[in-house]
Amino acid sequence: MSHTPDTLVTLFNQTFIPSHNTQLICCEEEPVYRPADENHPHHRIIFAHGFFASALHEISHWCVAGKERRLLEDFGYWYEPDGRSEQRQAEFERVEIKPQALEWIFSESADFTFHFSADNIALNNQPSEPFKQAVLEQVQEYLEKGLPRRAQIWSDVLLKHYRPNKPLDKKVFAL
C-alpha cells in the first residue's frame, strides 16, 4: 500500500474537518499548528515537505493537546531549533514522550516504519536510551488503558485503510 501524504490528508480531512474543524495541510518548510482565524475557517495542522512521518508526528501533537492548547499557535509550546544544549534536549525529550508514543502507534496502524526523533543534529540527532524506553512504556500504557479519543479515532481510520482485519499487536512494539 502506498504511503502518500495525499492519502493521509484525505483520510484526516474526511474524519476531522466535520467533527473537530481541523484540517491537515501539506507542505511547508517547517511543521506548525495554526488555530482557525478570520482568514481560515479551520484549525490547520501543517506538516513539512510532504513527509508521511511528519504528518503522523504533527497529528500526534494535536491528539495530545487539550482544548485550550488547540486555540494557540503550535499549541503554545516552546520550540528551540537544532543546537539545543543537553539540558534543553532532556526537556525536549520529556515533552515528546506522549507525542512520539502516539506517532509510533499511528505508524504501526498505517503499516509504516516508525523512527524515534531527537530533532537535534548538533547533539548527533540520536534519542537517548531512557527516552526510547519511556516512549515504549507510554505506548504499552496507551495500548493497555486506551488511547485518547482523537488518537483512537485516527488509529482506527489508519487501521481500516492500511491494514484491514489486522489489529495492532502489542508484541510488535519493542526496542
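**View 1. Helix α1 packing against helix α5.** In this predicted model, α1 (residues 5-20) and α5 (residues 149-162) pack at an angle of about 140 degrees, and their axes sit 11 Å apart. That angle makes α1 oblique to α5, because only values over 145 degrees count as roughly antiparallel. As for handedness, the crossing of α1 past α5 is right-handed.

**View 2. Side by side: the residues where α1 and α5 meet.** From α1, the contact takes in T7, L8, L11, F12, T15, F16 and H20. Facing them from α5 are R150, I153, W154, V157, L158, H161 and Y162. Sorted by class, this contact between α1 and α5 comes out as nine nonpolar, four polar and one charged residues.

**View 3. A closer look at L11.** Here's one residue from that contact: L11, which belongs to helix α1. Is L11 buried or exposed? Its relative accessible area is 13%, so it counts as buried, the cut-off being under 20%. Setting aside neighbours within four places in sequence, L11 touches W154, V157, H161 and Y162. Then there's L158: 147 residues separate it from L11 in sequence, yet the C-alpha to C-alpha distance is 8.1 Å.

**View 4. The three-stranded sheet.** Follow the strands across and you get the order β1-β3-β2, in an open sheet with mixed pairing. β1 (22-28) and β2 (32-34) are the edge strands, each pairing on one side only. Going from one strand to the next, the twist averages 20 degrees.

**View 5. Zooming in on β1 and β3.** How many bridges join β1 to β3? There are six, and β1 runs parallel to β3 (residues 43-48). To pick out one pair, I25 has I46 in β3 as its bridge partner. Helix α1 turns up here too: it packs on the sheet, where it touches β1 and β3. The direction of α1 makes about 150 degrees with that of β1.

**View 6. Helix α2 across the strands.** Which strands does α2 lie across? Helix α2 (residues 52-64) lies across β1, β2 and β3. Relative to β3, α2 runs at about 145 degrees.

Terms used
Residues are numbered from 1 along each chain as its sequence is written. This is a predicted model: local features need pLDDT of at least 70, side-chain atom pairs count only at pLDDT 80 or more; totals for chains, interfaces and linings use all residues. Side-chain values use heavy atoms; hydrogens and water are left out. Axes are lines fitted to C-alpha atoms, for helices over the stretch in contact, and angles run from 0 to 180 degrees between N-to-C directions. Helices (H or I, at least four residues) and strands (E, at least two) are DSSP runs, numbered from the N terminus. Angles under 35 degrees count as roughly parallel, over 145 as roughly antiparallel, 65 to 115 as roughly perpendicular and the rest as oblique. A crossing is left-handed if the near helix is turned anticlockwise from the far one by less than a right angle, and right-handed if clockwise. Contact means heavy atoms within 4.5 Å. Ala, Val, Leu, Ile, Met, Phe, Trp, Tyr, Cys and Pro count as nonpolar, Asp, Glu, Lys and Arg as charged, and the others, Gly among them, as polar. Two strands pair if DSSP finds at least two bridges between them. Buried means under 20% relative accessible area, exposed over 50%, partly exposed in between (1.4 Å probe, protein chains only).
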